[in-house]
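This report concerns a predicted model of a protein with a bound ligand. It turns to the ligand site and then to selected features elsewhere in the fold.

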Amino acid sequence: MQDWPGLIEAYRTWLPVSDSTPVVTLREGATPLIPVPSIAERIGKGVKVYVKYDGLNPTGSFKDRGMTMAISKAKEAGCEAVICASTGNTSAAAAAYARRAGMRAFVLIPDGYVAQGKLAQALVYGAEVLAIRGNFDRALDIVREVSDQYPVTLVNSVNPYRLQGQKTAAFELIDALGDAPDWLCIPMGNAGNITAYWMGFQEYHQAGRSRTLPRMMGFQASGSAPLVNETTVTDPETIATAIRIGNPVNREKAIAARAASNGAFLDVTDAEIIQAYKLLGGEEGVFCEPASAASVAGLLKRKDEVPAGATVVCVLTGNGLKDPDCAINNNDAAFHTDLNPDLGTVAKVMGF
Ligand code: F0G
(Lines give C-alpha, C1' and ligand atoms only; values in the text may rest on other atoms or scores of the structure.)
Protein backbone atom coordinates (compact mmCIF):
# COMPACT_ATOMS: atom_id res chain seq x y z
CA MET A 1 0.00 0.00 0.00
CA GLN A 2 1.28 3.43 -0.90
CA ASP A 3 1.89 5.91 1.89
CA TRP A 4 -0.86 8.56 2.03
CA PRO A 5 0.80 11.98 1.62
CA GLY A 6 -1.92 14.09 3.27
CA LEU A 7 -4.74 15.85 1.50
CA ILE A 8 -2.84 18.79 0.01
CA GLU A 9 -0.55 16.48 -1.98
CA ALA A 10 -3.38 14.08 -2.79
CA TYR A 11 -5.65 16.82 -4.17
CA ARG A 12 -3.05 19.46 -5.07
CA THR A 13 -4.58 20.43 -8.44
CA TRP A 14 -7.92 21.16 -6.77
CA LEU A 15 -6.47 23.43 -4.10
CA PRO A 16 -5.08 27.01 -4.09
CA VAL A 17 -1.46 25.99 -3.46
CA SER A 18 1.68 26.44 -5.52
CA ASP A 19 5.17 24.95 -5.52
CA SER A 20 6.24 27.65 -3.08
CA THR A 21 3.54 26.84 -0.50
CA PRO A 22 5.18 25.14 2.50
CA VAL A 23 2.92 22.16 3.16
CA VAL A 24 2.20 21.75 6.85
CA THR A 25 0.64 18.31 7.23
CA LEU A 26 -0.02 15.53 9.73
CA ARG A 27 -1.15 13.28 6.85
CA GLU A 28 -4.79 14.13 7.43
CA GLY A 29 -7.63 12.88 5.21
CA ALA A 30 -8.24 9.45 3.66
CA THR A 31 -10.61 8.63 6.51
CA PRO A 32 -12.71 5.46 6.28
CA LEU A 33 -16.21 5.25 4.85
CA ILE A 34 -17.86 2.61 7.02
CA PRO A 35 -21.13 0.81 6.22
CA VAL A 36 -23.57 0.91 9.16
CA PRO A 37 -26.09 -1.88 8.48
CA SER A 38 -27.99 -1.55 11.77
CA ILE A 39 -28.91 2.00 10.83
CA ALA A 40 -29.78 1.00 7.25
CA GLU A 41 -32.06 -1.74 8.66
CA ARG A 42 -33.99 0.82 10.66
CA ILE A 43 -34.72 2.65 7.42
CA GLY A 44 -35.34 -0.42 5.24
CA LYS A 45 -36.30 0.07 1.57
CA GLY A 46 -32.92 -1.27 0.42
CA VAL A 47 -31.20 1.92 1.55
CA LYS A 48 -27.42 1.86 1.98
CA VAL A 49 -25.98 3.93 4.83
CA TYR A 50 -22.33 4.78 5.43
CA VAL A 51 -20.56 6.97 7.95
CA LYS A 52 -17.59 9.09 6.92
CA TYR A 53 -15.50 8.68 10.06
CA ASP A 54 -13.58 11.95 10.11
CA GLY A 55 -12.88 11.43 13.80
CA LEU A 56 -9.92 9.36 12.59
CA ASN A 57 -8.00 12.43 11.46
CA PRO A 58 -4.72 13.17 13.31
CA THR A 59 -6.29 15.43 15.95
CA GLY A 60 -9.55 13.48 15.94
CA SER A 61 -11.83 15.72 13.88
CA PHE A 62 -12.55 17.04 10.39
CA LYS A 63 -10.93 20.34 11.37
CA ASP A 64 -7.54 18.92 10.32
CA ARG A 65 -8.66 19.09 6.69
CA GLY A 66 -9.16 22.82 6.91
CA MET A 67 -6.22 23.46 9.18
CA THR A 68 -3.56 21.89 6.94
CA MET A 69 -4.61 24.43 4.29
CA ALA A 70 -5.08 27.44 6.59
CA ILE A 71 -1.75 26.95 8.35
CA SER A 72 0.19 26.19 5.16
CA LYS A 73 -1.14 29.39 3.58
CA ALA A 74 -0.47 31.39 6.76
CA LYS A 75 3.10 30.12 6.75
CA GLU A 76 3.46 30.98 3.07
CA ALA A 77 2.34 34.53 3.94
CA GLY A 78 5.02 34.75 6.65
CA CYS A 79 2.58 34.84 9.54
CA GLU A 80 3.95 34.06 13.01
CA ALA A 81 0.79 33.65 15.07
CA VAL A 82 -2.75 32.38 14.56
CA ILE A 83 -5.93 32.77 16.56
CA CYS A 84 -9.33 31.11 16.67
CA ALA A 85 -12.48 30.89 18.72
CA SER A 86 -13.54 27.34 19.33
CA THR A 87 -15.93 24.92 20.93
CA GLY A 88 -12.86 22.68 21.13
CA ASN A 89 -12.02 20.88 17.89
CA THR A 90 -10.83 23.91 15.94
CA SER A 91 -8.58 24.85 18.85
CA ALA A 92 -7.05 21.37 18.95
CA ALA A 93 -6.37 21.36 15.21
CA ALA A 94 -5.14 24.97 15.12
CA ALA A 95 -2.76 24.30 17.98
CA ALA A 96 -1.33 21.12 16.46
CA TYR A 97 -0.75 22.53 12.97
CA ALA A 98 0.42 25.97 14.12
CA ARG A 99 2.97 24.53 16.51
CA ARG A 100 4.16 22.14 13.83
CA ALA A 101 4.70 25.18 11.61
CA GLY A 102 6.56 27.00 14.40
CA MET A 103 3.84 29.57 15.02
CA ARG A 104 2.14 30.71 18.18
CA ALA A 105 -1.47 29.56 18.56
CA PHE A 106 -3.99 31.56 20.59
CA VAL A 107 -7.32 29.91 21.24
CA LEU A 108 -10.41 31.48 22.82
CA ILE A 109 -12.86 29.01 24.32
CA PRO A 110 -16.13 29.28 26.25
CA ASP A 111 -15.11 28.58 29.83
CA GLY A 112 -16.61 25.30 31.05
CA TYR A 113 -18.15 24.28 27.72
CA VAL A 114 -15.27 22.54 25.99
CA ALA A 115 -15.05 18.74 26.25
CA GLN A 116 -12.11 17.45 28.28
CA GLY A 117 -10.31 15.68 25.47
CA LYS A 118 -10.27 18.80 23.31
CA LEU A 119 -8.97 21.01 26.09
CA ALA A 120 -6.30 18.43 26.85
CA GLN A 121 -5.20 18.50 23.22
CA ALA A 122 -4.92 22.30 23.00
CA LEU A 123 -2.78 22.30 26.14
CA VAL A 124 -0.53 19.44 25.03
CA TYR A 125 -0.09 20.94 21.55
CA GLY A 126 1.21 24.08 23.24
CA ALA A 127 -1.54 26.59 22.51
CA GLU A 128 -2.08 29.68 24.61
CA VAL A 129 -5.59 29.01 25.87
CA LEU A 130 -7.88 31.89 26.84
CA ALA A 131 -11.15 30.77 28.44
CA ILE A 132 -13.76 33.53 28.41
CA ARG A 133 -16.91 33.97 30.46
CA GLY A 134 -19.05 33.91 27.33
CA ASN A 135 -20.11 31.55 24.59
CA PHE A 136 -18.56 30.65 21.24
CA ASP A 137 -20.34 33.44 19.36
CA ARG A 138 -18.86 36.06 21.68
CA ALA A 139 -15.41 34.47 21.40
CA LEU A 140 -15.64 34.62 17.61
CA ASP A 141 -16.55 38.33 17.69
CA ILE A 142 -13.46 38.97 19.80
CA VAL A 143 -11.00 37.00 17.68
CA ARG A 144 -12.26 38.74 14.54
CA GLU A 145 -11.49 42.08 16.16
CA VAL A 146 -8.10 40.89 17.39
CA SER A 147 -7.09 39.68 13.93
CA ASP A 148 -8.25 42.99 12.39
CA GLN A 149 -6.09 45.01 14.77
CA TYR A 150 -3.02 42.87 15.45
CA PRO A 151 -0.62 40.76 13.36
CA VAL A 152 -2.40 37.46 13.98
CA THR A 153 -4.08 35.30 11.33
CA LEU A 154 -7.65 34.17 11.97
CA VAL A 155 -8.13 30.43 11.33
CA ASN A 156 -11.83 30.04 11.96
CA SER A 157 -13.95 29.03 8.96
CA VAL A 158 -14.25 32.66 7.85
CA ASN A 159 -10.71 31.99 6.60
CA PRO A 160 -11.43 30.79 3.03
CA TYR A 161 -8.55 28.28 3.04
CA ARG A 162 -10.32 26.31 5.77
CA LEU A 163 -13.23 25.50 3.50
CA GLN A 164 -10.87 24.71 0.63
CA GLY A 165 -9.24 22.00 2.71
CA GLN A 166 -12.52 20.68 4.06
CA LYS A 167 -14.05 20.28 0.59
CA THR A 168 -11.68 17.32 0.02
CA ALA A 169 -13.97 15.14 2.15
CA ALA A 170 -16.55 15.35 -0.65
CA PHE A 171 -13.84 14.31 -3.16
CA GLU A 172 -13.01 11.29 -1.00
CA LEU A 173 -16.66 10.25 -0.89
CA ILE A 174 -16.99 10.34 -4.67
CA ASP A 175 -13.63 8.60 -5.13
CA ALA A 176 -14.83 5.81 -2.80
CA LEU A 177 -18.44 5.43 -4.00
CA GLY A 178 -17.84 6.12 -7.69
CA ASP A 179 -20.52 8.81 -7.57
CA ALA A 180 -22.01 11.27 -5.10
CA PRO A 181 -24.36 9.83 -2.44
CA ASP A 182 -28.06 10.64 -2.76
CA TRP A 183 -28.15 12.24 0.68
CA LEU A 184 -25.35 13.82 2.68
CA CYS A 185 -26.31 14.13 6.36
CA ILE A 186 -24.16 16.52 8.35
CA PRO A 187 -24.23 18.35 11.69
CA MET A 188 -24.14 22.14 11.54
CA GLY A 189 -22.60 24.60 13.98
CA ASN A 190 -20.94 27.54 12.28
CA ALA A 191 -22.03 25.90 8.99
CA GLY A 192 -18.57 25.87 7.45
CA ASN A 193 -18.45 22.15 6.83
CA ILE A 194 -21.76 21.90 4.97
CA THR A 195 -20.55 24.80 2.82
CA ALA A 196 -17.24 23.07 2.14
CA TYR A 197 -18.83 19.73 1.25
CA TRP A 198 -21.19 21.42 -1.19
CA MET A 199 -18.24 23.21 -2.82
CA GLY A 200 -16.42 19.89 -3.19
CA PHE A 201 -19.43 18.08 -4.64
CA GLN A 202 -20.00 20.85 -7.17
CA GLU A 203 -16.36 21.00 -8.27
CA TYR A 204 -16.11 17.25 -8.84
CA HIS A 205 -19.47 17.26 -10.63
CA GLN A 206 -18.45 20.06 -12.95
CA ALA A 207 -15.26 18.17 -13.75
CA GLY A 208 -17.25 15.06 -14.65
CA ARG A 209 -16.07 13.02 -11.66
CA SER A 210 -19.65 12.38 -10.52
CA ARG A 211 -22.93 12.07 -12.40
CA THR A 212 -25.09 13.39 -9.60
CA LEU A 213 -25.15 15.86 -6.73
CA PRO A 214 -26.42 14.96 -3.26
CA ARG A 215 -29.22 16.55 -1.29
CA MET A 216 -27.53 18.43 1.56
CA MET A 217 -29.30 17.52 4.82
CA GLY A 218 -28.09 19.69 7.69
CA PHE A 219 -28.89 19.00 11.34
CA GLN A 220 -28.68 21.12 14.47
CA ALA A 221 -29.38 20.48 18.15
CA SER A 222 -32.83 21.73 19.16
CA GLY A 223 -31.46 24.07 21.83
CA SER A 224 -29.03 25.55 19.37
CA ALA A 225 -30.80 25.68 16.01
CA PRO A 226 -30.48 29.16 14.48
CA LEU A 227 -30.42 27.84 10.91
CA VAL A 228 -33.42 25.57 11.31
CA ASN A 229 -35.46 28.30 12.99
CA GLU A 230 -34.07 31.14 10.85
CA THR A 231 -33.08 33.17 13.86
CA THR A 232 -30.18 34.00 16.17
CA VAL A 233 -30.00 32.11 19.47
CA THR A 234 -28.53 34.20 22.28
CA ASP A 235 -28.18 31.35 24.79
CA PRO A 236 -27.57 28.16 22.82
CA GLU A 237 -27.68 24.94 24.88
CA THR A 238 -27.03 21.32 23.97
CA ILE A 239 -25.14 18.28 25.21
CA ALA A 240 -23.35 18.46 21.85
CA THR A 241 -21.05 21.29 22.93
CA ALA A 242 -19.20 21.25 19.59
CA ILE A 243 -22.28 22.73 17.91
CA ARG A 244 -23.41 24.98 20.74
CA ILE A 245 -23.49 28.00 18.42
CA GLY A 246 -26.22 30.62 18.14
CA ASN A 247 -25.09 32.82 15.27
CA PRO A 248 -23.34 30.84 12.49
CA VAL A 249 -20.97 32.90 10.36
CA ASN A 250 -21.55 30.79 7.25
CA ARG A 251 -25.32 31.14 7.47
CA GLU A 252 -25.88 32.52 3.96
CA LYS A 253 -23.62 29.96 2.28
CA ALA A 254 -25.34 27.08 4.08
CA ILE A 255 -28.77 28.36 3.05
CA ALA A 256 -27.53 28.64 -0.54
CA ALA A 257 -26.23 25.03 -0.41
CA ARG A 258 -29.59 23.84 0.86
CA ALA A 259 -31.46 25.68 -1.90
CA ALA A 260 -29.15 24.59 -4.72
CA SER A 261 -29.16 20.93 -3.62
CA ASN A 262 -32.88 20.70 -2.84
CA GLY A 263 -31.73 19.90 0.70
CA ALA A 264 -33.29 20.50 4.09
CA PHE A 265 -32.42 21.54 7.65
CA LEU A 266 -33.92 19.95 10.74
CA ASP A 267 -33.25 19.97 14.46
CA VAL A 268 -32.75 16.94 16.68
CA THR A 269 -33.19 16.86 20.45
CA ASP A 270 -30.38 15.97 22.84
CA ALA A 271 -32.25 12.72 23.57
CA GLU A 272 -32.30 11.84 19.87
CA ILE A 273 -28.60 12.70 19.58
CA ILE A 274 -27.74 10.42 22.49
CA GLN A 275 -29.88 7.61 21.08
CA ALA A 276 -27.95 7.76 17.79
CA TYR A 277 -24.64 8.07 19.68
CA LYS A 278 -25.39 4.88 21.63
CA LEU A 279 -26.54 3.07 18.49
CA LEU A 280 -23.33 3.88 16.66
CA GLY A 281 -21.17 2.82 19.59
CA GLY A 282 -23.18 -0.13 20.85
CA GLU A 283 -24.27 -1.71 17.56
CA GLU A 284 -21.69 -0.58 15.03
CA GLY A 285 -18.52 -0.19 17.11
CA VAL A 286 -18.14 3.39 15.93
CA PHE A 287 -17.43 5.91 18.68
CA CYS A 288 -18.13 9.51 17.73
CA GLU A 289 -18.75 12.64 19.72
CA PRO A 290 -22.34 13.74 20.37
CA ALA A 291 -22.32 16.57 17.78
CA SER A 292 -21.38 14.02 15.11
CA ALA A 293 -24.23 11.70 16.08
CA ALA A 294 -26.63 14.51 15.15
CA SER A 295 -26.16 13.48 11.51
CA VAL A 296 -27.42 9.95 12.21
CA ALA A 297 -30.14 11.19 14.57
CA GLY A 298 -31.35 13.49 11.79
CA LEU A 299 -31.32 10.72 9.20
CA LEU A 300 -33.39 8.45 11.46
CA LYS A 301 -35.83 11.28 12.13
CA ARG A 302 -36.33 11.79 8.38
CA LYS A 303 -36.22 8.10 7.45
CA ASP A 304 -39.67 8.09 5.81
CA GLU A 305 -38.41 10.56 3.20
CA VAL A 306 -35.36 8.53 2.14
CA PRO A 307 -36.00 7.16 -1.37
CA ALA A 308 -35.91 3.38 -1.82
CA GLY A 309 -32.45 2.11 -2.75
CA ALA A 310 -30.78 5.42 -1.92
CA THR A 311 -27.17 5.75 -0.80
CA VAL A 312 -26.79 7.92 2.29
CA VAL A 313 -23.60 9.19 3.93
CA CYS A 314 -23.62 10.60 7.47
CA VAL A 315 -20.57 12.65 8.39
CA LEU A 316 -19.08 11.74 11.77
CA THR A 317 -17.11 14.89 12.37
CA GLY A 318 -15.31 14.07 15.61
CA ASN A 319 -13.96 11.16 17.65
CA GLY A 320 -15.87 9.91 20.69
CA LEU A 321 -12.72 10.08 22.83
CA LYS A 322 -12.96 13.86 22.66
CA ASP A 323 -15.80 13.86 25.18
CA PRO A 324 -15.28 11.12 27.79
CA ASP A 325 -17.76 12.71 30.23
CA CYS A 326 -20.56 12.30 27.74
CA ALA A 327 -19.58 8.68 27.19
CA ILE A 328 -19.41 7.79 30.87
CA ASN A 329 -22.76 9.44 31.56
CA ASN A 330 -24.62 8.11 28.53
CA ASN A 331 -24.33 4.39 27.97
CA ASP A 332 -26.29 1.23 28.68
CA ALA A 333 -23.26 -0.85 29.51
CA ALA A 334 -23.17 -3.39 32.31
CA PHE A 335 -20.51 -1.88 34.57
CA HIS A 336 -20.06 -3.87 37.78
CA THR A 337 -17.88 -2.17 40.36
CA ASP A 338 -16.41 -2.91 43.77
CA LEU A 339 -16.22 -6.68 43.18
CA ASN A 340 -14.36 -9.12 45.36
CA PRO A 341 -11.22 -10.24 43.53
CA ASP A 342 -12.08 -13.95 43.26
CA LEU A 343 -13.26 -16.45 40.65
CA GLY A 344 -16.59 -17.11 42.36
CA THR A 345 -17.61 -13.48 42.33
CA VAL A 346 -16.56 -12.93 38.73
CA ALA A 347 -18.26 -16.10 37.47
CA LYS A 348 -21.45 -15.21 39.32
CA VAL A 349 -21.56 -11.72 37.84
CA MET A 350 -21.03 -13.33 34.42
CA GLY A 351 -24.09 -15.45 34.98
CA PHE A 352 -22.38 -18.86 35.34
N1 F0G B 1 -19.04 18.51 14.52
C2 F0G B 1 -17.99 18.77 15.33
C3 F0G B 1 -17.39 17.63 16.07
C4 F0G B 1 -17.49 20.09 15.45
O5 F0G B 1 -16.46 20.32 16.24
C6 F0G B 1 -18.12 21.13 14.73
C7 F0G B 1 -17.65 22.51 14.85
C8 F0G B 1 -19.20 20.80 13.90
C9 F0G B 1 -19.62 19.49 13.82
C10 F0G B 1 -19.90 21.82 13.08
O11 F0G B 1 -19.14 22.21 11.99
O12 F0G B 1 -19.11 24.64 12.42
O13 F0G B 1 -18.46 23.70 10.21
O14 F0G B 1 -20.83 23.66 10.96
N15 F0G B 1 -16.78 22.87 15.69
C16 F0G B 1 -16.20 24.22 15.76
C17 F0G B 1 -15.03 24.23 16.73
C18 F0G B 1 -17.17 25.29 15.95
O19 F0G B 1 -14.72 25.28 17.30
O20 F0G B 1 -14.40 23.19 16.92
P21 F0G B 1 -19.39 23.65 11.34
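Which helices each supply at least two residues of the shell around the ligand? They are helix H4, spanning residues 89-100, and helix H9, spanning residues 192-206.

**Ligand site**

The ligand is surrounded by 21 residues. Ser86, Thr90, Asn190, Ala191 and Thr317 are the closest of these. By character, the shell comprises eleven polar residues, eight nonpolar residues and two charged residues. Polar contacts to the ligand involve both side-chain and backbone atoms, as the table shows.

| Residue | Protein atom | Ligand atom | Distance |
|---|---|---|---|
| Lys63 | side-chain N or O | nitrogen | 3.0 Å |
| Asn89 | polar side-chain atom | oxygen | 2.8 Å |
| Gly189 | backbone N or O | oxygen | 2.8 Å |

On its own, the ligand has 480 Å² of accessible area, and the protein covers 98% of this. The space that the ligand takes is the largest cavity.

**Aromatic pairs**

The structure contains six aromatic pairs. In one of them, the ring centres of Trp14 and Phe171 are separated by 5.1 Å. The planes of these two rings meet at 55 degrees, so the pair is classed as tilted; planes count as edge-to-face over 60 degrees and as stacked under 30 degrees. Trp14 belongs to the loop between helix H1 (7-10) and strand S1 (33-35), whereas Phe171 belongs to helix H8 (residues 168-177). The pair therefore ties together parts that lie 157 residues apart in sequence.

**Ends of helix H14**

Helix H14 covers residues 343-350. At its start, a side-chain oxygen of Asp342 comes to within 3.3 Å of the backbone nitrogen of Gly344. Which backbone angle is positive in Gly351, just after H14? Gly351 adopts a positive phi of about 90 degrees.

How values were computed. Residues are numbered from 1 along each chain as its sequence is written. This is a predicted model: local features need pLDDT of at least 70, side-chain atom pairs count only at pLDDT 80 or more; totals for chains, interfaces and linings use all residues. Side-chain values use heavy atoms; hydrogens and water are left out. A residue is near a molecule or strand if one of its heavy atoms lies within 4 Å of it. A polar contact is a pair of N or O atoms within 3.5 Å; within protein, one must be able to donate a hydrogen and the other to accept it, and residues adjacent in sequence count only if both atoms are side-chain atoms. Accessible areas come from the Shrake-Rupley method with a 1.4 Å probe; for residues, only the protein chains shown count as cover. On a 1 Å grid over the protein atoms alone, a cavity is a set of points where a 1.4 Å probe fits but cannot get out, and a pocket is an open set with protein on both sides within 12 Å along at least five of seven lines; lining residues have an atom within 4 Å of a point. A molecule sits in a cavity or pocket if more than half of its atoms lie within 2 Å of its grid points. Helices (H or I, at least four residues) and strands (E, at least two) are DSSP runs, numbered from the N terminus. Ala, Val, Leu, Ile, Met, Phe, Trp, Tyr, Cys and Pro count as nonpolar, Asp, Glu, Lys and Arg as charged, and the others, Gly among them, as polar. Rings of Phe, Tyr and Trp (its six-membered ring) pair if their centres lie within 6.5 Å; planes under 30 degrees apart count as stacked, over 60 as edge-to-face and the rest as tilted.
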